[in-house]
Amino acid sequence: MAKSVKALITPEVLKWARERRIRLEIDYAAKRLKIEPETLEAWENGAEQPTFVQLKNIAKLYKTHISIFYLPEPPTDFQPLTDYRVLPEQFATDEEQIYRLNANIIEAFERRETLIELYELLEEPPLEVTLNIDKNENPEQAAEKITRYLEFNRTQLQRANDPYAALKFWKQIVEAKGILVCQTSVNTHLSVELETVRGFCIAQRPFPVIVVNPKDSPYGRIFTLIHELVHIALGESVIQNTGFEGANSPNLDPIEVFCNQVAAEVLVPENELLESVNLETLQEDLSSTSKFFHVSPEVIMRRLQTLGVISRRNYQTYRSHQLAKYRNAPGRSGGAAPYHNRLLNTSGEHFARTAFTAYYEQKITRAELASVLSNSDTKHLAKIESAIFV
């Protein structure tokens, strides 16, 4: 009997949640809810009402709490997706990927809001992010400003013994400045392809957020991390889906080109690169140069081409060779990261540390702690705790 109890929600809010919060076409939403579009349309215009069970399914799909649908009118202060430029045209018809991306953006906004609330519970002031650059600045000067702001130390980076350690290093020095760094959803049904998004950022302060896609390589994630940091310094929220190989594409927005140039200079400063490169032994030295800067060999070659040290033909020859090598390589194994690590990476270390601190000080319960950490099972908490405090 309970399944047929009608939910007396506000129709206008139901329509707002689909169109403005999660941005779904009515046909796609109805398909995901396993109903006819006409049924959803009737719910949205008030001609009919969904059952409470159906409302729970809607809330899950729309990434919102059931109570929202009982508001007397649509909220006016929730527009997280309106700051973002649309995806490239080739992805505009992939409704599933667009839905997953939008859901990830909403999760990131909610995580930021939760972090602010945790700081209020702890009665601590949010960290102030003071990094600001202008799009008209010289990329080298902007990169120097970012490097100084992060208090970047090349010697400390050299202690990283693999790409994942280098990624952790960059994440930690960015988070130390009050910028939350996390990954796209731990839920596999919300994972997004690299072609859809490499990362995005929320530029709002306090606690701007950078989200990277774990499907990218560690070095790819590092580049996206710094690229998004430039956007935060510019004060704009964006979606990023172009990797370093497209850093100077003529089809890119000028701001994207600028952010790529700055990120490249932060990671591989021109003066340091030119001092370390000998063109006569470049092929032999490429691996060691890559390890020194903790970027891929291709990034080094692309950077040299951009700086005019090698020709575009030389770079394209190298890239073609690498692509052929990759295609002919045997399949690589290597399972997914342990689930507790995925939970931690999704939330971000700073967020998780703050949540545990609130738990230690009895500001939130153990169940609430698990809830804010991507609704994890409490059995994962001990391993997450060990990963960030031991």
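Colleague: Why is Glu 19 called partly exposed?
Modeller: Keep in mind that this is a predicted model. Glu 19 has a relative accessible area of 37%. Buried means under 20% and exposed means over 50%, so at 37% Glu 19 lands in between and gets called partly exposed.

Colleague: And what makes Arg 18 count as buried?
Modeller: Its relative accessibility is 5%. The limit for buried is under 20%, so Arg 18 makes the cut.

Colleague: How do you know that Glu 19 and Arg 18 form a salt bridge?
Modeller: Their closest N and O atoms are 3.4 Å apart. The cut-off is within 4 Å, so the pair qualifies. There's a network here too: salt bridges link Arg 18, Glu 19 and Glu 44.

Colleague: How many salt bridges does a search of the whole structure find?
Modeller: It turns up 15. One of them joins the side chains of Glu 137 and Lys 145, at 3.1 Å from N to O.

Colleague: Why does Glu 137 count as buried, and what is Lys 145 called?
Modeller: Glu 137 sits at 19% relative accessibility, and buried means under 20%, so buried is the label for Glu 137. Lys 145 is at 27%, between the 20% and 50% limits, so Lys 145 counts as partly exposed.

Colleague: What makes Glu 265 and Arg 303 a salt bridge?
Modeller: Their side chains meet at 2.3 Å, N to O, and the requirement is within 4 Å. The pair links distant parts of the chain, with Glu 265 in helix α10 and Arg 303 in helix α13, 38 residues apart. Glu 265 has a relative accessible area of 11% and Arg 303 has 6%; buried means under 20%, so both names carry that label.

Colleague: Why are α2 and α4 called oblique to each other?
Modeller: They pack at an angle of about 125°, with their axes 10 Å apart. Roughly perpendicular runs from 65 to 115 degrees and roughly antiparallel starts over 145, so about 125° falls into the rest, and that is oblique. The crossing of α2 past α4 is right-handed.

Colleague: Which residues meet there?
Modeller: From α2, Ala 29, Arg 32 and Leu 33; from α4, Asn 57, Ile 58, Leu 61 and Tyr 62. They divide into 5 nonpolar, 1 polar and 1 charged.

Colleague: How do you know that Asn 104 is buried?
Modeller: Its relative accessibility is 3%, and under 20% counts as buried. Asn 104 lies in helix α5 and, leaving aside residues up to four places away in sequence, touches Thr 184, Ser 185, Leu 190, Val 192 and Phe 200.

Technical notes: Residues are numbered from 1 along each chain as its sequence is written. This is a predicted model: local features need pLDDT of at least 70, side-chain atom pairs count only at pLDDT 80 or more; totals for chains, interfaces and linings use all residues. Side-chain values use heavy atoms; hydrogens and water are left out. Axes are lines fitted to C-alpha atoms, for helices over the stretch in contact, and angles run from 0 to 180 degrees between N-to-C directions. Helices (H or I, at least four residues) and strands (E, at least two) are DSSP runs, numbered from the N terminus. A crossing is left-handed if the near helix is turned anticlockwise from the far one by less than a right angle, and right-handed if clockwise. Contact means heavy atoms within 4.5 Å. Ala, Val, Leu, Ile, Met, Phe, Trp, Tyr, Cys and Pro count as nonpolar, Asp, Glu, Lys and Arg as charged, and the others, Gly among them, as polar. Buried means under 20% relative accessible area, exposed over 50%, partly exposed in between (1.4 Å probe, protein chains only).
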